[in-house]
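Q: Please take me through some of the labels given to side chains in this predicted model, setting each value against the cut-off behind the label.

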Amino acid sequence: MLARPEYRKALVFCGLIGIPVALIAFWFLVALNQLERLIWTDWPEHLGHKHAPWWWALPLLTVAGLVVGLVAARLPGRGGHVPAGGLHSGGITRKALPGVLIAALVGLPLGAVLGPEAPLIAMGTGLALLFARLARAPETEASTALLGAAGAAAAVSALFGNPIVGAVLLMEVAGVGGPQLFAVMLPALLASGVGDLVFTGFVRWTGLETGSLDIGLPKPPPLDWADVLWVPVLAPAVALFIHWLFVGGRFAARFVATRTVRNTTLCALGAALCITLYAVITGRSPAEAALSGEAALSHLAQDPHAWPVGALIAVLAFKGLAYALCLGSLRGGPVFPSLFLGGAAGVLLAPLPGLGLVPAMAVGMAAAVTAALRLPVSSVILVVLLLGNVDTVALVVLASVVSFVLAQRLPEGPPIPAIGEPSADRAPDPVSPRR
């Protein structure tokens, strides 16, 4: 393939497209971050509140639901994919870009329990197709798919700060290799995790050295068998929790499809009520139950003792319900809310006999994001990157495999309504793992 001149030209063009796409993705994320800080931190402080008051989400998410509903009903592309259907790399046209941007820049900062990864993928795909049209590049089905995937990878890599995560994520999302990809990867992933556990155990038991890539950084306490034995208990429980939230999101998507503007607003208002109940019951900031959970996950990991048991149970219940409603009605990605819910479940269950905080969070986050995405390799890489702890890799792998196998065997719920009619410049929409 590398010997073909047209492929080499496409490779160079994809590299060039990555530059403006990554720059636009950077400023898009900066805008989201600044808007979120302004709305949920600065404005409440200017009004004399220590944090956002209990009612804060009600007007914000009502506006978000109304705007996203209008975008979904009136603009090409309906603002992007419905997040209850998982991540997708195709099906977006350059004409869909305005709707994607409006839905994301309004819905996400106003409190939607979703992340920015799906709008970034859609935006990267649409921008790549737009730049290809401006450069008058040949528009074949193969070149369109290649350019769309390259643009999406460049955009999403800006979010995760790691090109490997972006590349692997897009490989799994695009379904390169079809069902055979998962048929080969899953046994290899499981075997590598088990092999790591066995290898680590023999090194500890025998005291013998085999050579090491360790460069001398301080390590947390090593894993023990109790951590491993809790995986087949905790991973299925977290996976079931996230899976049924997605089933609820699919029912919400069907409800929204009947009367788009009205029902999108009602679902957003329902999510706001869940967030409000969390704030009223716990006396804590409603921002903890709103938004993607990316910032809250960092606070949770750094100071888990600041979250009493009641607050953890409440955030799992109310943020989970708000997540399900947003999955079916608003626009965004499912990654970060699932990571937060999995991490919160891990903190809640960490006091179990023989289970530590870091292993519990590792298992919870891996099981949750795998159940949400149905992308086991991407989920493992992402969780390991977030944890920054190589000693928990085996637990992350085992939890991800258990979650993936279980989620694949469960009913998905009703189908997601299609984005819109096919278009000549639409990037091909391959079968996603969730379909």
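**Labels and their reasons**

Q: Why is Phe-26 called partly exposed?
A: Phe-26 has a relative accessible area of 44%, and because partly exposed covers the range between under 20% and over 50%, Phe-26 is given that label.

Q: What makes Trp-27 exposed or buried?
A: The relative accessible area of Trp-27 is 57%, and exposed means over 50%, so Trp-27 is classed as exposed.

Q: Why is the pair of Phe-246 and Tyr-323 called edge-to-face?
A: The ring centres of Phe-246 and Tyr-323 lie 5.9 Å apart with the planes at 85 degrees; because rings pair when their centres are within 6.5 Å and count as edge-to-face when the planes are over 60 degrees apart, the pair earns that name.

Q: Why is this pair said to tie together parts that are 77 residues apart in sequence?
A: Phe-246 belongs to helix α8 (residues 225–258), whereas Tyr-323 belongs to helix α11 (residues 309–329), so the pair links parts 77 residues apart in sequence. Both Phe-246 and Tyr-323 are buried.

Q: How do you know whether Ser-329 is buried or exposed?
A: Ser-329, which is found in helix α11, has a relative accessible area of 2%, and buried means under 20%, so Ser-329 counts as buried.

Q: What makes the approach of Arg-284 to Trp-307 a charge over a ring?
A: The charged end of Arg-284 sits over the ring of Trp-307 at 4.5 Å from its centre, and the distance limit for this label is within 6 Å, together with a position within 35 degrees of the ring normal.

Definitions and conventions:
Residues numbered from 1 in each chain as written. Predicted model: local features only at pLDDT ≥ 70, side-chain atom pairs only at ≥ 80, totals over all residues. Heavy atoms only, no water. Buried < 20%, exposed > 50% of the residue type's maximum accessible area, 1.4 Å probe, protein only. Phe/Tyr/Trp six-rings, centres within 6.5 Å; stacked < 30°, edge-to-face > 60°. Helix = DSSP H or I, 4+ residues; strand = E, 2+ residues; numbered from the N terminus.
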